[in-house]
Amino acid sequence: MQKILTTQKNILIPVPSPTWRGVSAGRGEEKVTEDQKNILTPVPSPTGRGVSAGRGEENMTERQEKMTEEHGKMTEDHGKMTEDHGKMTEDHRKMTEDHGKMTEDHGKMTEDHGKMTEDHGKMTEDHGKMTEDHGKMTEAHGEMTEDHGKMTENHGKMTEDHGKMTEDHGKMTEEHENKKNKNQKQMKRRIILSGGGTGGHIFPAIAIAKAVQEECEDMEILFVGAKGRMEMIRVPEAGFRIEGLDIQGLQRKITLKNIVENLKLPFRLYLSMQKAKAIIRQFSPDAVVGVGGYASGPTLKVAASMHIPTLIQEQNSCPGITNRMLAQKVDKICTAYDNMERFFPPEKTVKTGNPVRKDILSPVDKKEACAHFQLEDNKKTLAVIGGSLGSLTLNESLSGFVEELVCQNIQLIWQTGASYYKELSEKYGHLKGIRVFPFVAKMDYLYAAADVVVSRAGALALSELCAVAKPCILIPSPNVSEDHQTKNANVLADAGAALQIPDNRAKTNLQNAVFELMNNETQRKTMSENLQKLALPNAAKQIANEIINLINNKK
């Protein structure tokens, strides 16, 4: 017992007690807790002097385990409390942040409230001024009411006067409408230009149309052509509207097909005249102009029968049968050559010349023109133009000496026509200085680049050659009515302005004529001077003035 108590001396220091069989509390008594009392409980001993150590040790171990278990639970509870404390701290931080925002918003609201209070003060001040103004307005209203009574009295008198004025105005309006309709009819003028078939008819017609618009901007223009002919393409390209007639000319070559087509001609002519009449009635032109071609005859004949002022523009030195027949019915005939009174009434006939495209009359520098065709401006250049449809004779004749042109260092601009282009382009287009085209649109550049021109003798071609004074060799087509190309060429040849080769001699004579003229600068200069004498560059403008005069003199 003494040994046990010694190991627990920090808890109890046992001392013998004479009166009690237990332990006496010494200095360690203050440290004895209720639990420790349970650990050491005095029990009787065989000797009667101490406690039993075995059971006390067992109780003490059991209590320590319970205390450890309770300490673990307390530690777990403490962890949960710590976690809850962290969440509460985070919630507190958010609440503090929200409180800051609310404080900031409250400051703004306080500021806005101050502004609103200031605005309210201003509004109250303005309301006072408005109340004062209202009083003044009420006073003025009373004065106005008095004036209104006087005005009502005057209005009655004015109403009576207005009735009389309305009656007078009705009469004046009627007179004004009559004058207005008359003026509109005079201001909005219309003409029809009819003809086509070849460039020789189409391009002069377009030149006339543009000249008319330059003289009279409000003039409305309608073209009438033949369906399937080139005017149905070229005229819209120039910016004008066109109507087509189902008409074609007399086929002179005797074949079965042509005989059948010629048998259809009277029916086509009748239907074309009916269509022309419908077009004229709908368009209501102030004048109708014919420039030659299949559609010109029916249109001019119908217009003349409807007593509409009519004019024909005869381009050739020898007119065709259609224009000779129309000459007795039309009001004016514009010609390009002298002595045309042989064919037309002298009182109706005026020499104006053939209109040419405006760009032809604007000079182009040779260097610029050669560059356009990718040619050299320091070399001589030959231009061959077989008309807008091309010429078999010219193409075959030229084919015989193309290589010689290359050897002689002469350049070539060759308008073949669409039908011959592919074959000739493949055969000669690769040669140096040889330029092959189906159609040349920029004729002003062609004339500027060329030193000599080989051409058919259509009226337009000759007028353009005169206008640009370009030395030329003419090969008239035999496949035209009245052989008028030969007669056209005779005029220039007789004036020393051109060389002329018959169609049937072109293959044998053209080569020598080209090289001789190319090498004879004096002859070329003389030709240019003579061509200038024949030129009538203002033809389009003069014809336009004749058309406008017809309209103005209309009864």
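Helices (H or I, at least four residues) and strands (E, at least two) are DSSP runs, numbered from the N terminus. Keep that in mind for the exercises below.

This is a predicted model, in which local features need pLDDT of at least 70 and side-chain atom pairs count only at pLDDT 80 or more, while totals for chains, interfaces and linings use all residues. Residues are numbered from 1 along each chain as its sequence is written, and side-chain values use heavy atoms, with hydrogens and water left out.

**Exercise 1. Place Arg241 and list its contacts.**

Step 1: Find the element. Arg241 belongs to strand β3.

Step 2: Judge its accessibility. Buried means under 20% relative accessible area, exposed over 50%, and partly exposed in between (1.4 Å probe, protein chains only). With a relative accessible area of 43%, Arg241 is partly exposed.

Step 3: Look for its contacts, where contact means heavy atoms within 4.5 Å. Leaving aside residues up to four places away in sequence, Arg241 touches Glu220, Leu222, Phe223, Val235 and Phe283. Take Leu222: 19 residues separate it from Arg241 along the chain, yet their C-alpha atoms are 5.5 Å apart.

**Exercise 2. Classify two of the aromatic pairs.**

Step 1: Recall the rule. Rings of Phe, Tyr and Trp (its six-membered ring) pair if their centres lie within 6.5 Å; planes under 30 degrees apart count as stacked, over 60 as edge-to-face and the rest as tilted. The structure holds four such pairs.

Step 2: Start with Phe223 and Phe240. Their ring centres are 5.4 Å apart and their planes stand at 50°, so this pair is tilted. Phe223 sits in strand β2 (residues 220-226) and Phe240 in the loop between α5 (231-237) and β3 (241-245), so the pair links parts of the chain 17 residues apart. Phe223 is buried at 3% relative accessible area, and Phe240 is buried too, at 9%.

Step 3: Move to Phe373 and Phe437. Here the centres lie 5.7 Å apart and the planes are at 65°, so the pair is edge-to-face. Phe373 is in the loop between α9 (366-372) and β8 (381-385), while Phe437 is in strand β10 (residues 434-437), so the pair ties together parts 64 residues apart in sequence. Phe373 is buried at 4% relative accessibility, whereas Phe437 is partly exposed at 25%.

**Exercise 3. Describe how α14 and α15 pack.**

Step 1: Take the geometry. Axes are lines fitted to C-alpha atoms, for helices over the stretch in contact, and angles run from 0 to 180 degrees between N-to-C directions. Helix α14 (residues 459-468) packs against helix α15 (residues 484-494) at about 20°, with the axes 10 Å apart.

Step 2: Name the arrangement. Angles under 35 degrees count as roughly parallel, over 145 as roughly antiparallel, 65 to 115 as roughly perpendicular and the rest as oblique. The two helices, α14 and α15, are therefore roughly parallel.

Step 3: List the residues that meet. Ala459, Leu462 and Cys466 of α14 meet Asn488, Ala489 and Leu492 of α15.

**Exercise 4. Examine the backbone at Asn339 and Gln374.**

Step 1: Recall the background. Most residues other than glycine have a negative phi.

Step 2: Check Asn339. Its phi is positive, about 60°, although Asn339 is not a glycine. Asn339 lies in the loop between β6 (332-335) and β7 (349-351) and is exposed at 53% relative accessible area.

Step 3: Check Gln374. Gln374 also has a positive phi of about 60° without being a glycine. Its place is the loop between α9 and β8, and at 62% relative accessibility Gln374 is exposed.
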